[in-house]
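Subject: Structure handover

Hello,

Here is the structure for you to open. My notes follow below it.

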Amino acid sequence: MKKVKVGKAVGSVLAHDITRIVPGKFKGVGFKKGHIVAADDIPELLKLGKRHLYVLNLSDAQMHEDEAALAIAEAIGSETIRWTNPSEGKSSLIARQSGLLKINVSALLRINKLENIIVSTRRTDFACEKDQIVAATRIIPLTIARNKIDRLKAIAAKGGPVVNVMPFRKMKVGAVVTGSELADGLIEDEFDRFVGRKIETYGSRVVKKVLVTDDSDLIAAAILKLVQSGCDLVVTTGGLSVDPDDVTRSGIKKTGAKVLAYGTPVLPGAMFLYARLHNVPVMGLPACVYFHPSTVFDLMLPRVLAGEVIDKNTLATLGHGGLCLNCKECRFPICPFGR
């Protein structure tokens with residue numbers, strides 16, 4: 001840092017804030033620390049009484065915070081991410097499309113262990129919308145060594161994108177709603193209200209819904225018919241409990257589907273089932289989806305629509321954070337559920 005005449009400060013970096021005062025109207029920062037002095041700034045600086053400035057002259061081995069923020073954003077993002085021009089040294093990363101946010105958590109941890117660099121993101125594996133901010137980055141000091149940014153770039157390149165968005169597929173969904181009480185018209189079918197509406201939120205649509213009694217053969221036949229008709233995803237509801245007359249699981253198995261997971265460490269949603277039939281996902285939903293505003297279905301549906309591979313390990317990781325607090329006003333996904 002050194003003191004220079006204002007007229008010779010063009011291209012230098014301000015080492016401190018400069019206050020602007022407009023009598024009776026304004027008092028605050030006129031030029032912020034880190035601002036790169038331009039020729040157009042000189043008249044205004046003179047009006048503020050500044051004949052000399054304290055500035056930073058950067059060597060080729062150093063980067064200004066704005067340049068560093070852009071370099072970091074470019075290194076950690078992907079083609080599904082855009083970023084903003086730095087403001088006060090910070091650049092925000094924004095989703096170019098709706099989809100499932102994927103954060104390379106291990107790479108993120110290594111980056112944030114680098115001194116004087118921070119990258120802050122939303123949680124991985126949660127849905128995000130187009131033009132939504134999903135991450136932000138900056139350096140802590142005003143300047144940083146270029147070789148530190150080179151180390152970050154190497155970490156990001158080795159593990160693939162640190163911040164990425166997997167787009168949601170627009171799937172044709174078939175539904176099998178089980179229960180003799182529904183098939184016989186004794187109670188109202190509310191699949192569309194509690195389940196179908198959530199599917200449509202992600203751009204998919206329920207193309208066919210079949211109501212069947214608690215019979216494993218009928219359940220299996222309904223699932224097979226939906227798959228044969230071109231459904232990309234099949235959802236079953238109304239079953240999957242410990243009751244002996246609950247035969248949804250056996251009906252799914254009779255189709256020849258491979259059950260990859262049955263039971264999850266998520267409450268509500270412990271009796272969730274995930275299977276695949278000829279590469280078509282089959283999701284067996286527990287009865288809680290008709291009561292609780294947020295369940296395991298809300299955690300798994302975005303992943304399935306994004307084409308993520310689901311297995312027992314996937315579901316096992318949901319135990320940490322998988323206990324819903326049943327808040328009076330549900331604010332999912334802005335809550336601890338699923339984290």
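Start with H6 and H9, which are roughly parallel to each other because angles under 35 degrees count as such. The model is a predicted one. Helix H6 covers residues 191-201, and its packing angle with H9 is about 30 degrees. Their axes lie 11 Å apart. The crossing is right-handed.

Which residues of H6 and H9 meet? From H6 come Val-195, Lys-198 and Ile-199. From H9 come Phe-297, Asp-298 and Leu-301. By type, the residues of this contact divide into four nonpolar and two charged, with no polar ones.

Now H9 itself. The helix runs over residues 296-305. It is mostly covered, with ten of its ten residues buried. Phe-297, Asp-298 and Leu-301 are among the buried residues. So are Val-296 and Leu-305. After H9 comes Gly-307, which has a positive phi, near 80 degrees.

One residue of H9 to click on is Arg-303. Is Arg-303 buried or exposed? It counts as buried, because its relative accessibility is 8% and the cut-off is under 20%. Its side chain makes a polar contact with the side chain of Asp-125, at 3.1 Å. Asp-125 also appears in the list of residues in contact with Arg-303, which leaves aside neighbours within four places in sequence. The others in that list are Leu-100, Glu-308, Ile-310, Thr-314 and Leu-318.

Best wishes

Conventions: Residues numbered from 1 in each chain as written. Predicted model: local features only at pLDDT ≥ 70, side-chain atom pairs only at ≥ 80, totals over all residues. Heavy atoms only, no water. Helix = DSSP H or I, 4+ residues; strand = E, 2+ residues; numbered from the N terminus. Buried < 20%, exposed > 50% of the residue type's maximum accessible area, 1.4 Å probe, protein only. Polar contact = N/O pair within 3.5 Å; in protein donor to acceptor, adjacent residues only side chain to side chain. Contact = heavy atoms within 4.5 Å. Axes fitted to C-alpha atoms, helices over the stretch in contact; angles between N-to-C directions. Parallel < 35°, antiparallel > 145°, perpendicular 65-115°, else oblique. Left-handed = near helix turned anticlockwise from the far one by under 90°. Nonpolar A, V, L, I, M, F, W, Y, C, P; charged D, E, K, R; others polar.
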